[in-house]
Amino acid sequence: FVEQMAEDETAVEALKKMNPEQYAELLTKVKSMFDVPAVAKRVAEIMGDKFTCAHVAAACSDNRSENLFRTNTVRATMPLACDLKQNKALILSRLDPFEKSEVESSMETF
């Protein structure tokens, strides 16, 4: 589905204009939690420099996601956030202590 959208110029423009809440809502439409990190990453890649830490943080608000899937989604998308160095605290504020410990070491490499 996302790959089809990536080939449609109108869809790409719509994806690039998504606010964080819209991004998070899109991810809730993914049928399998196992696919969420890959879909989240692909959409973030399409968004390019419009993708921010606020988008990553919004993706963490999905309560159906268990810790492992939220952590995997953050790991897959945080390197793509254009403002990671300035706003990584926004992402960390949405994570529980276990999740923070899982992603903080990854953040230091960016």
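A residue is called partly exposed when its relative accessible area falls between the buried range, under 20%, and the exposed range, over 50%. With this in mind, the charged pairs of this predicted model can be explored. Glu102 has a relative accessible area of 27%, so this residue counts as partly exposed. Its partner in a salt bridge is Arg75, and the closest N and O atoms of the two are 3.1 Å apart. This pair ties together distant parts of the chain, since Glu102 belongs to helix H8 (residues 97-107) and Arg75 to helix H6 (residues 67-77), with their positions 27 residues apart in the numbering. Arg75 is partly exposed as well, at 35% relative accessible area.

A second pair sits within a single helix. Arg42 and Glu45 are both found in helix H4 (residues 36-47), where they are three residues apart, or about one turn of the helix. Their side chains meet in a salt bridge with an N to O distance of 3.5 Å. Arg42 has a relative accessible area of 25% and is partly exposed; Glu45, at 36%, is also partly exposed.

What about the pair formed by Lys29 and Glu25? These two residues form a salt bridge too, their closest N and O atoms lying 2.9 Å apart. Here the two partners fall into separate classes: Lys29 reaches 56% relative accessibility and is therefore exposed, as the cut-off is over 50%, whereas Glu25, at 39%, is partly exposed. In total, four salt bridges are counted in the model, among them the bridge between Glu102 and Arg75 described at the start.

Note on methods:
Residues numbered from 1 in each chain as written. Predicted model: local features only at pLDDT ≥ 70, side-chain atom pairs only at ≥ 80, totals over all residues. Heavy atoms only, no water. Buried < 20%, exposed > 50% of the residue type's maximum accessible area, 1.4 Å probe, protein only. Helix = DSSP H or I, 4+ residues; strand = E, 2+ residues; numbered from the N terminus.
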